[in-house]
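Thanks for making the time, everyone. I would like to walk through one model with you, starting with its overall layout and then moving to the ligand.

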Amino acid sequence: MAKKYYELTPDERLAFLNLTDQAKTELQANQSDSNAQIVENYISDFRVPMGLLKDIVIDGRHVNVPMAIEEPSVIAAANNGAKMLNSGGGIAVKMPERTVMIGQILFHNVDFDTLNQFVNIHQETLFKIAKHAKPSIYKRGGGLVAINVRPVANDDISVDFKIDTKDAMGANIVNTILEAEVTLFTEFDTHFLGAILTNYAMGQLVTVSGNATFETVGGREIAEKIVALSRFSKKDAYRATTENKGLFNGIGAVVLATGNDWRAVEASGHAYASQEGHYRSLTHWTISDEQLHGELTMPISVGTVGGVISAMNQAKNALDMMHVKSADELRGIILAVGLAQNLAALKAIAAGGIQRGHMRMQHRALAVQVGALPQEVPILVAKLNTLSQVDTEKATEILMEMRK
Ligand code: NDP
């Protein structure tokens with residue numbers, strides 16, 4: 001019998017695709033045995049550039065942060081933002097003493113008092129079930145911390161389980177515990193909808209804050225414009241969306257480099273950005289003590305173990321570079337980079353537009369795209385930087401002239 005597609009080897013899967021020899025060779029060159037075990041229907045690795053944010057001061061510690069991202073200007077901007085915040089003494093991190101992931105058991109058409117009473121009566125059993133379902137997390141000092149019955153709408157009710165998953169992001173740990181807990185709710189079978197973690201990580205709400213001197217942002221006038229831009233993005237969803245996108249340039253790049261789930265982090269951030277009933281920016285800039293002061297508060301769920309982190313050497317290497325000891329420390333680093341990234345973007349806008357710096361970085365990608373060799377790239381980029389208008393045709397024309 002013919003093998004199913006998922007049963008084939010990566011090379012056999014590629015053979016289905018009618019590829020050019022060059023494409024096939026390139027894809028094969030990027031295959032790895034370890035990643036082939038991680039996803040279904042694996043054909044090749046997809047590589048993304050990784051660069052370094054060199055030195056951001058977080059709670060007094062100098063940290064070098066790896067960032068994995070395809071957008072050319074992001075890492076340069078993060079370095080710039082970090083320098084500005086380092087000038088004000090670095091970034092401070094605040095978070096709950098014990099961060100917890102939340103899991104939900106969902107019921108509909110059920111009376112709140114009846115369900116609430118049931119949970120109260122069975123508290124002890126529910127805690128025992130959690131311990132039995134995932135003893136290893138208890139050995140590490142984690143486990144179920146609290147249970148809360150929360151009305152959602154009419155007779156829709158969520159029973160929320162707050163679980164300390166220690167240094168793991170915890171999606172699987174939470175789901176394992178929830179599925180065991182469900183077995184106690186048999187008398188509510190007809191009301192039961194499902195059980196799953198929530199990515200709205202409100203038990204992992206972290207705040208980072210920092211100052212930048214007026215001098216480093218380009219003067220008091222620029223600082224005041226940054227504050228005005230920040231106010232604007234609290235009220236205008238169009239501005240807020242772009243501002244948060246810029247923030248996630250930094251956040252997402254560190255989340256990806258460390259092998260974490262960037263969809264979970266983004267979903268949680270955007271949900272929090274809407275918690276007041278309208279979408280707003282996540283950062284907040286003011287002037288305080290004759291300095292620009294920035295704050296970012298956001299729920300963030302990441303791990304330093306678990307998921308695919310331990311299976312991907314790139315992720316382990318990235319964590320090693322930062323000398324990170326816990327998931328809580330990683331949360332602080334990721335958001336600190338976000339704050340720096342946001343400051344760099346706001347400064348560029350306030351000081352006359354992001355396009356100049358942006359296009360300079362974009363020209364490198366364009367040079368590669370038109371076929372410049374590594375030694376030709378800097379020369380071509382320098383020439384493109386002097387022009388007011390640049391496009392593929394122009395870049396190709398200059399490259400051809402250079403080669404004459
Ligand atoms: P794992 O299932 O891999 O669990 C983490 C494991 O790491 C623990 O069970 C434990 O193993 C081990 N571990 C070692 N050291 C520690 C430590 N210090 N603290 C805690 N655990 C430790 O991963 P997660 O539960 O973190 O799940 C994350 C994955 O789930 C991600 O890949 C995510 O993308 C995915 N996912 C996400 C969903 C979502 O976001 N909605 C839904 C479903 C999956 P042991 O028990 O052997 O001791």
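Let me begin with a distance: in this predicted model, the C-alpha centres of domain 1 and domain 2 lie 37 Å apart. The domain assignment gives domain 1 as residues 5–37, domain 2 as 50–96 together with 203–352, domain 3 as 101–202, and domain 4 as 357–402.

Now to the ligand, and where does it lie relative to these domains? Domain 2 and domain 3 both give residues to the shell around the ligand, so the ligand lies between them. That shell has 19 residues, of which the closest are Ser136, Arg140, Gly170, Asn199 and Asp261. Sorted by class, the shell holds 7 nonpolar, 7 polar and 5 charged residues.

In terms of secondary structure, helix H7, residues 135–139, and helix H8, residues 171–181, each supply at least two residues of the shell, and H8 gives the most, with 3 residues.

Turning to the individual polar contacts, the side chain of Ser136 places an N or O atom 2.5 Å from an oxygen atom of the ligand. The backbone takes part as well: an N or O atom of the Gly170 backbone is 2.6 Å from a ligand oxygen, while for Met169 a backbone N or O atom lies 3.2 Å from an oxygen atom of the ligand. As for burial, the ligand on its own has 940 Å² of accessible area, and the protein covers 69% of that.

I will stop there and take your questions.

How values were computed:
Residues are numbered from 1 along each chain as its sequence is written. This is a predicted model: local features need pLDDT of at least 70, side-chain atom pairs count only at pLDDT 80 or more; totals for chains, interfaces and linings use all residues. Side-chain values use heavy atoms; hydrogens and water are left out. Domain bounds come from an automatic or database domain assignment. A residue is near a molecule or strand if one of its heavy atoms lies within 4 Å of it. A polar contact is a pair of N or O atoms within 3.5 Å; within protein, one must be able to donate a hydrogen and the other to accept it, and residues adjacent in sequence count only if both atoms are side-chain atoms. Accessible areas come from the Shrake-Rupley method with a 1.4 Å probe; for residues, only the protein chains shown count as cover. Helices (H or I, at least four residues) and strands (E, at least two) are DSSP runs, numbered from the N terminus. Ala, Val, Leu, Ile, Met, Phe, Trp, Tyr, Cys and Pro count as nonpolar, Asp, Glu, Lys and Arg as charged, and the others, Gly among them, as polar.
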